[in-house]
Amino acid sequence: MTGNESTEPGDAAALGASVDSFLEAKLHWPPSREDWLHRRRLVRRMAGACDHPVTLVAAPAGYGKTILVAQWLEETRPRAGWVSLDSGDNDPNRLWAHVAAALERAGCRLDSNRPNHRVGSDVVAPGSMLSAIVDALAASREDIVLVLDDFHFVREASCHTQVEFLVEHLPPQAHLVVVTRSDPGLRLGRLRASGGLLEIRAGDLGFTPDEAHALLTQERVGLGVDSVRLLMQRTEGWPAGIYLALLSLAGRPDPDAFVRDFSGGNRYIGDYLTEEVLSRHSDEVREFITTVSILDRFSAALCDHVAGITGSASILRELEHSNLFLVPLDGDGRWYRFHHLFAAVARSELELQRPGHSRLLHSRAAEWFTARGNVDEAVRHSIAAGDTESAAVLVQGHWLQFVDAGRIATVLGWLQAIGPPTEATDPAASVTAAWVAALIGDELALTDRLTAMDAFRDHGPLPDGSRSVESAMAMIHGLFGYGGPVEMMRGAERAVALETDRHSPFYALAHVTLGHAAYVAGDLERALAPLANARRSDRAPAIIQALALATESLVEDERRNIGRARECAEAAMEILESHGLRAVPQASLAFTALGQAHAAAGSVDQALVTLEQGLALRRETSAHGPWGMVHHLLVHARVAAEVGQPEAARDLLGDLASRLERYTDGMEAIDARVAAVRRLLQGPRHEAAVGEALTGRELDILRLLQGSMSLQEIAGELYLSFNTVKTHARAVYRKLGVHTRAEAVLAGRQQGLV
């Protein structure tokens, strides 16, 4: 493991709100302790993890799963990345960002510029973080282990599907270890049947009599042979039960009698023994434990605030020294958690002793996290406190930041937990719900929200920084365009008129809506200025900058400024890559623009691959409005027609037609673009008018047209003037009977000229 960062997770106030303040604490396995019982037989069993693609360590709470894997890592020291999962990792983008960070820590560098991972002829997870992870693992020169601890927290089906993809495409040198309380929702039958799955379960993890005796001896607790046998029977070898019994036995004058006096199943024994352990501490320590048990992770400062005391640091040191089920989460003892089983019983004790008090504690935790910019934890604790109003304000103020980080699933989960807004009392909540409905493609819910919001048009400014409810409505109409081009333009124009603060992210958003609406309408000159305003804005979210650049690329291509179109497309993709956003559906327009730029440069194969990736990404969801798919199908069909794939082009146009039939007004430019593609499909292709042979110099230029060099660069390569190369290129087009660079390259290949 590497050293820890000096900053405390959650202390993000100076940097603004954070979408991932606890990342540092999630990437460490528990440091080894001298008082851990070394379980040699299981560590030897774990050694087989490097001989299997996947290892499943599955058992209920209290079986020492995490400690076993940590012991194995400490003893064998393989290259390993560790992620402690939690419920927030049901957001796929968050999950894979954490996995990527863990692998980076282990020296497995992810290269966003690597080709996208492909399986056979199918494009899988185009450009996504998962694709980059698979490629990075494949590039590793030595074995590497990825541990996903507490996998039972991940219940989202899409996350399970993506983990299955990772499993299916693990290279031989990569090994996945899944640690979970219950069998994961993964299809592992084929792997099990082929011998590729190593399984360590409760039956393996239970203490043997020798291990129980060794632990008791290590802790200087004297039990007779019969009492040890009885302890094993009562606990069924459950490690947590045996350890809790050990803590309860310490210092008792007659430990054998204590063992004889308790019975029951694991749950009963766990509750009983935990209560016994708690009762042996002072009132101050017991109250501290039950109070902070509502926290998944805690530091001394957080505990002080939640408990309303000043001595948390010394209590934590005391608990760590006594090994009271306290798990360090970093190397310098700043953040901890209780063992899940112990925390659950402590929470039950809190509710029994002080019913309803947990709400006040959650409220204090929300205050602490809010003050430090940790929105994720602040929202969660506000909801747990029953303070949905505060939670809603936090979501309203920060939803755009999380969407820009690819975390829309997190925002959607918050809104579902908070419940539907009441428009009459909380129009801002309705605005957030409307944005999310638009982003996930729930057109019916969006329509209902917009209708209800109309009565509060003048309400504002809003917590997210937008000018008013009217401005939000205008931006939603202008950006997503469910109502068609006319409504889209009207909304975009109104949004630009209202969002005039250049230091607001909504200034950029409003301008990108106007630039895009102008492109849809075919007003290319009008589109350029607002798109430039959007991409130049210092407050523009990354996804808005990428959308502005991708749209500008489409505009410039139609204006025949091919070089500038390529620059914009490449810049859009660079922004998405640098922010880990290539996998989000909004990114698909950048694939559209880049595919078109590759085609214009004559890189036919690269163009088709890029366009297929964009199409797969967009088809994963109906979200984000209809126009991204419209643009993609148009470009993809045109390129397919240009390169001699008429059936593919017709299929794409058929898909496009079904999407456009709902719109009539303002469709002149779109209809013209569709008609241009249909003309390409009419009549024979690539037949030279007079069959005139190409000269040697023209053949040289045709060969160079296959690459990405501009005509100016070709001129430099051949030591010719630009005008001479331009004349030769025109002659090539005329003799081959084509009109574009891509057509010339294809015709040359078909005739065996290149």
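**Exercise 1. What covers the buried residues of helix 9?** Work out which residues are buried, how they are arranged, and what lies over them.

*Solution.* Keep in mind as you work that this is a predicted model.

Step 1: Pick out the buried positions. In helix 9, which spans residues 209-218, these are Glu 211, Ala 212, Leu 215 and Leu 216.

Step 2: Look down the helix axis. The buried residues of helix 9 fall within an arc of 135°, so they line one face of the helix. The spacing helps here: an α-helix has 3.6 residues a turn, so residues three or four places apart point the same way.

Step 3: Find the cover. Among the elements over the buried residues of helix 9 are helix 2 (40-46), helix 10 (225-235) and helix 11.

Step 4: Check what follows the helix. Just after helix 9 comes Arg 220, with a positive phi of about 60°.

**Exercise 2. Get an overview of the protein and decide where to read the model with care.**

*Solution.* Begin with the overall make-up, then turn to confidence.

Step 1: Count the elements. The protein has 38 helices and nine strands.

Step 2: Consider burial and contacts. Of the 754 residues, 56% are buried. Among contacts with a separation of 6 or more, 71% join residues 24 or more positions apart.

Step 3: Check the confidence. The average pLDDT is 84, and 89% of the residues score at least 70. Over residues 9-16, however, pLDDT is below 50, and the model gives this stretch 15 contacts beyond near neighbours in sequence. Residues 112-127 also stay under 50, with 35 contacts beyond four places in sequence.

**Exercise 3. Describe the two largest cavities: their volumes, their linings and the elements that supply them.**

*Solution.* Rolling a probe the size of a water molecule over the atoms shows where empty space is left.

Step 1: Count the cavities. There are six of 30 Å³ or more.

Step 2: Take the largest cavity. Its volume is about 640 Å³. The lining has 31 residues, and those nearest the centre are Trp 36, Gly 64, Ile 67, Phe 325 and His 339.

Step 3: Trace that lining to its elements. Helix 3 (65-76), helix 11 (239-249) and strand 8 (326-328) each supply at least two residues. Helix 3 gives the most, with five.

Step 4: Sort the lining of the largest cavity by class. You should get 16 nonpolar, eight polar and seven charged residues.

Step 5: Move to the second largest cavity, with a volume of about 350 Å³. It is lined by 19 residues, and Leu 479, Phe 480, Leu 547, Gln 586 and His 624 lie nearest its centre. Elements giving two or more residues to this lining include helix 20 (388-404), helix 22 (427-440) and helix 24 (469-480). By class, the lining of the second largest cavity has 14 nonpolar, four polar and one charged.

**Exercise 4. Characterise the second largest pocket in the same way.**

*Solution.* Follow the route you used for the cavities.

Step 1: Note the volume, about 1100 Å³ for the second largest pocket. Of its 41 lining residues, Asp 557, Arg 560, Ile 562, Ala 600 and Thr 740 are the closest to its centre.

Step 2: Find the contributors. Elements that each supply at least two residues to this pocket's lining include helix 29 (562-578), helix 30 (588-600) and helix 38 (741-750). Helix 32 gives the most, with six residues.

Step 3: Sort by class. The lining of the second largest pocket holds 20 nonpolar, nine polar and twelve charged residues.

**Exercise 5. Are Thr 66 and Arg 467 buried, exposed or partly exposed?** Place each residue and list its contacts too.

*Solution.* Take the residues one at a time.

Step 1: Locate Thr 66, which lies in helix 3. Thr 66 has 13% relative accessibility, and because the cut-off for buried is under 20%, Thr 66 counts as buried.

Step 2: List its partners. Beyond neighbours within four places in sequence, Thr 66 is in contact with Pro 30, Trp 82, Asp 149 and Val 179.

Step 3: Locate Arg 467, found in the loop between helix 23 (443-453) and helix 24. With a relative accessible area of 46%, Arg 467 is partly exposed.

Step 4: List the partners of Arg 467. Leaving out neighbours within four places in sequence, these are Gly 460, Pro 461, Leu 462, Leu 498, Glu 499 and Thr 500.

Step 5: Compare sequence with space. Arg 467 and Tyr 507 stand 40 residues apart in sequence, and their C-alpha atoms are 9.8 Å apart.

Notes:
Residues are numbered from 1 along each chain as its sequence is written. This is a predicted model: local features need pLDDT of at least 70, side-chain atom pairs count only at pLDDT 80 or more; totals for chains, interfaces and linings use all residues. Side-chain values use heavy atoms; hydrogens and water are left out. On a 1 Å grid over the protein atoms alone, a cavity is a set of points where a 1.4 Å probe fits but cannot get out, and a pocket is an open set with protein on both sides within 12 Å along at least five of seven lines; lining residues have an atom within 4 Å of a point. Grid points are joined across faces, edges and corners, and a volume is the space filled by probe spheres set on the points. Helices (H or I, at least four residues) and strands (E, at least two) are DSSP runs, numbered from the N terminus. Ala, Val, Leu, Ile, Met, Phe, Trp, Tyr, Cys and Pro count as nonpolar, Asp, Glu, Lys and Arg as charged, and the others, Gly among them, as polar. pLDDT is the predictor's confidence in each residue, from 0 to 100. Contact means heavy atoms within 4.5 Å. Buried means under 20% relative accessible area, exposed over 50%, partly exposed in between (1.4 Å probe, protein chains only). The arc is that of the directions from the helix axis to the C-beta atoms.
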